[in-house]
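Work through the following exercises with the sequence and the model side by side, and try each task before reading its solution.

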Amino acid sequence: MSQRDNFLYLTIALTLLLFGTALCHQFFSSKMQHMMQSCTMFTLVISVWGVDSSNQLFKYKMLFPFVIIAFSWLTLFIDNVMGDNVTLGLMLVFFTFTAIKTAKQVLFSGVVDGNKILGAICLYFMMGIIWAIIYSLIHINFMPAFNNVPSTIKWFALFPEFIYFSFVTLTTLGFGDIAPNIPISRVFVYFEAVVGQLYLTILVASLVGSRLNIMHQNHLSMTKKHDNDA
């Protein structure tokens, strides 16, 4: 795996996380949620951080998902707000640093190619997941911070609900079935909507435009070379 193809695996991992979270919430027990998220975290580490696996720090980075998974499984047996806060806090740090690492690879390294466009899509997915984690933290600590969301402190019961709400907000669909109920949740909701629109219109459009321009320039160069040979 290298910087030429790592985002393909990351795209698959994040897509499986989103579909798997919904399917587990619909058909299986909460333990399956933990298994799905555990597999995804390892894939994130390998796909994003694993490109620099020659770095000695990579060995220590690999310990971070184990800590998150340990805390998340512990919350299955301990009915405690602190445990859920710690788990969600660790997840927030993990996904935020992974998003930053992804952004650096997408924005500040090499020419724009198909892999970097996939990386931009992955970054968009991770933005939705990060906001879902923030919403879960807010709802657990300031309940009821959102209408039509289960009144529970169990993060794995809230997470699928907020994954759905986060992407509805990020894309500004605004179905209205879930709505923020207090000032702090409203602030994060409209900030997500603004960031989502700016991201699509500025970053992704720029990357795709740059890629199309490179392809056009390559085509012109090949045409000119063919004309000169003729």
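A nonpolar core is a set of buried Ala, Val, Leu, Ile, Met, Phe, Trp, Tyr and Cys residues joined through side-chain atoms within 4.5 Å. Keep in mind throughout that this is a predicted model.

**Exercise 1. The core**

Task: Find which residues of the largest nonpolar core touch the most other members, and which element gives the most to this core.

Solution: Begin with the core itself, which has 46 residues, and among these Phe95, Ile129, Ile133, Phe146, Phe159 and Phe162 touch the most other members. Next, look at the elements that give two or more residues to this core, which are α1 (6-27), α5 (81-107), α6, α7 and α8. Of these, α6 gives the most, with 17 residues. Finally, take Ile129 as an example: when its neighbours within four places in sequence are left aside, Ile129 is in contact with Leu14, Leu17, Leu18, Phe95, Phe159, Ile163 and Phe167.

**Exercise 2. Aromatic pairs**

Task: Decide whether the rings of Tyr124 and Tyr199 are stacked or edge-to-face, and then do likewise for Phe125 and Phe167.

Solution: A pair of aromatic rings is described by the distance of the centres and the angle of the planes. The structure holds 10 aromatic pairs. In one of them, the centres of the Tyr124 and Tyr199 rings are 5.6 Å apart and the planes lie at 20 degrees, so this pair is stacked, given that planes under 30 degrees apart count as stacked. The pair links distant parts of the chain, since Tyr124 belongs to helix α6 (residues 114-141) and Tyr199 to helix α8 (residues 183-229), 75 residues apart. Both Tyr124 and Tyr199 are buried.

For Phe125 and Phe167, the distance is 6.3 Å centre to centre and the angle between the planes is 75 degrees, and this aromatic pair is edge-to-face. Because Phe125 lies in helix α6 and Phe167 in helix α7 (residues 155-170), the pair ties together parts that are 42 residues apart in sequence. Phe125 and Phe167 are both buried.

**Exercise 3. Two residues of one helix**

Task: Determine whether Tyr9 and Thr11 are buried or partly exposed.

Solution: Tyr9 lies in helix α1, and Thr11 lies in helix α1 as well. Tyr9 has a relative accessible area of 41%, so Tyr9 is partly exposed, and together with Leu8, Ile12 and Leu16, Tyr9 makes a nonpolar surface patch of about 380 Å². Thr11, by contrast, counts as buried because its relative accessibility is 14%, where buried means under 20%. Leaving aside its neighbours within four places in sequence, Thr11 is in contact with Leu118 and Cys122.

Definitions and conventions
Residues numbered from 1 in each chain as written. Predicted model: local features only at pLDDT ≥ 70, side-chain atom pairs only at ≥ 80, totals over all residues. Heavy atoms only, no water. Phe/Tyr/Trp six-rings, centres within 6.5 Å; stacked < 30°, edge-to-face > 60°. Helix = DSSP H or I, 4+ residues; strand = E, 2+ residues; numbered from the N terminus. Buried < 20%, exposed > 50% of the residue type's maximum accessible area, 1.4 Å probe, protein only. Contact = heavy atoms within 4.5 Å. Patch = residues over 30% accessible without salt bridge, like charges linked within 9 Å, V, L, I, M, F, W, Y side chains within 5 Å. Areas by Shrake-Rupley, 256 points an atom, 1.4 Å probe, with all protein chains shown as cover. Salt bridge = Lys/Arg side-chain N within 4 Å of Asp/Glu carboxyl O.
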